[in-house]
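Please look over the sequence and the structure shown here, and then read the short report that follows.

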Amino acid sequence: MNRTNKKIVIALGGNAILQKDQIGTHEEQQENIKKTAKSIASIVMGKHGYKVSAITHGNGPQVGNLLLQQEFAKNMPNLPMHTVIAMTQGQIGYMLQQALQNEFLKFKKNKRVVSLITQTLVSKNDPKFGKTSASKPIGPFLTESDAKKLRDKTGHIIKKVKPTGEKTWRRVVASPKPLKIVELDTLKEFIEDDSCLPIAGGGGGIPVIKKGSSFEGIDCVVDKDHVASLLAKSIGASVLLILTDVDKVKLNYGKPNESNLDTMTVKTAKKLLKEGQFLEGSMKPKIQAQIDFLESGGEMGIITSLGSALAALNGKAGTIITKKYEI
């Protein structure tokens with residue numbers, strides 16, 4: 001498959017913005033985003049000149065940290081979660097936009113970057129709004145003792161989201177299915193202009209529901225990978241590149257018999273999902289997003305790390321998912 005003339009959507013994981021052992025200072029995030037922008041620029045402006053149509057990104061650590069700041073601040077009014085998501089979408093979009101602009105200037109190419117504040121329509125009747133169904137991790141990773149303290153103090157739902165390590169717990173919130181990107185028509189206008197690279201759907205987009213003919217924000221976090229899949233489907237992309245903190249998808253993750261997956265078909269991915277191979281709030285939504293994308297007309301899904309992104313597009317790294325074994 002010749003990927004140089006195919007539409008590609010890149011979904012950046014939270015680690016492209018904030019590493020798990022960092023506390024989230026502006027300087028830390030800015031340095032990470034500079035490295036991220038350099039990798040994306042090498043994909044867009046390198047000798048292969050891949051056609052990146054849109055970028056989306058996570059915001060789990062940032063939105064969680066802002067909510068914690070609100071909860072522990074005295075005499076300050078709390079903002080609803082959907083507004084905090086809008087704040088982080090603007091924050092990360094601005095930093096990523098500026099970093100990409102600076103990288104593109106080094107290539108002396110007229111490549112404009114625009115960050116769009118976008119809303120994601122969900123259903124108020126989505127079963128994921130049930131308290132026991134909360135699955136989307138936000139905020140920092142916690143030790144078991146710190147997780148218990150936070151739960152006792154705030155009443156938040158805290159779950160173990162990693163099989164190994166000292167800090168394996170995080171707060172989880174409702175994560176309903178994304179139905180539509182509200183500003184899709186505007187986004188398509190930017191995508192059709194080859195001189196422009198839009199950033200959209202950040203943090204899964206601002207979650208909204210429909211009341212009559214009006215939109216209204218609702219407190220939850222839409223999964224970024226599912227929105228990336230929706231975005232890729234909606235613009236007719238051929239490749240969905242999901243970047244995370246591992247080079248390849250793992251079988252038996254965190255166990256002595258852990259192994260890498262180089263390629264798999266949708267059929268195999270569904271089988272492994274059913275067997276419980278992929279963790280909720282971790283690799284599971286990424287696999288589900290790729291299956292949905294491929295079954296809706298996409299040609300190839302890739303899951304890899306930021307550092308291996310270009311090599312993965314060249315077929316030399318990452319885990320490649322296809323409808324059948326044709327790469």
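## Sheet, helix and cores

Strand β4 (residues 119–121) is joined to β8 by 2 bridges, and the two run antiparallel; strands (E, at least two residues) and helices (H or I, at least four) are DSSP runs numbered from the N terminus, and two strands pair if DSSP finds at least two bridges between them. This is a predicted model, in which local features need pLDDT of at least 70 and side-chain atom pairs count only at pLDDT 80 or more, while totals for chains, interfaces and linings use all residues. Residues are numbered from 1 along each chain as its sequence is written, and side-chain values use heavy atoms, with hydrogens and water left out.

Within β8, Lys180 is the bridge partner of Leu121. The open sheet is made of 4 strands in the order β8-β4-β10-β11, with mixed pairing, and its edge strands, each pairing on one side only, are tabulated here.

| Edge strand | Residues |
|---|---|
| β8 | 180–181 |
| β11 | 214–217 |

Helix α3 (residues 81–106) has 26 residues and should span 38 Å at 1.5 Å a residue, which agrees with its end C-alpha atoms being 38 Å apart; the expected span is 1.5 Å times one less than the number of residues. After α3 comes Lys108, whose phi is positive, near 55°.

The largest nonpolar core has 44 residues, and Val249, Met264 and Ile287 have the most contacts inside it. Such a core is a set of buried (under 20% relative accessible area, 1.4 Å probe, protein chains only) Ala, Val, Leu, Ile, Met, Phe, Trp, Tyr and Cys residues joined through side-chain atoms within 4.5 Å. Apart from this core lies another, of 35 residues, including Met95 and Leu313.

Methods. Buried means under 20% relative accessible area, exposed over 50%, partly exposed in between (1.4 Å probe, protein chains only).
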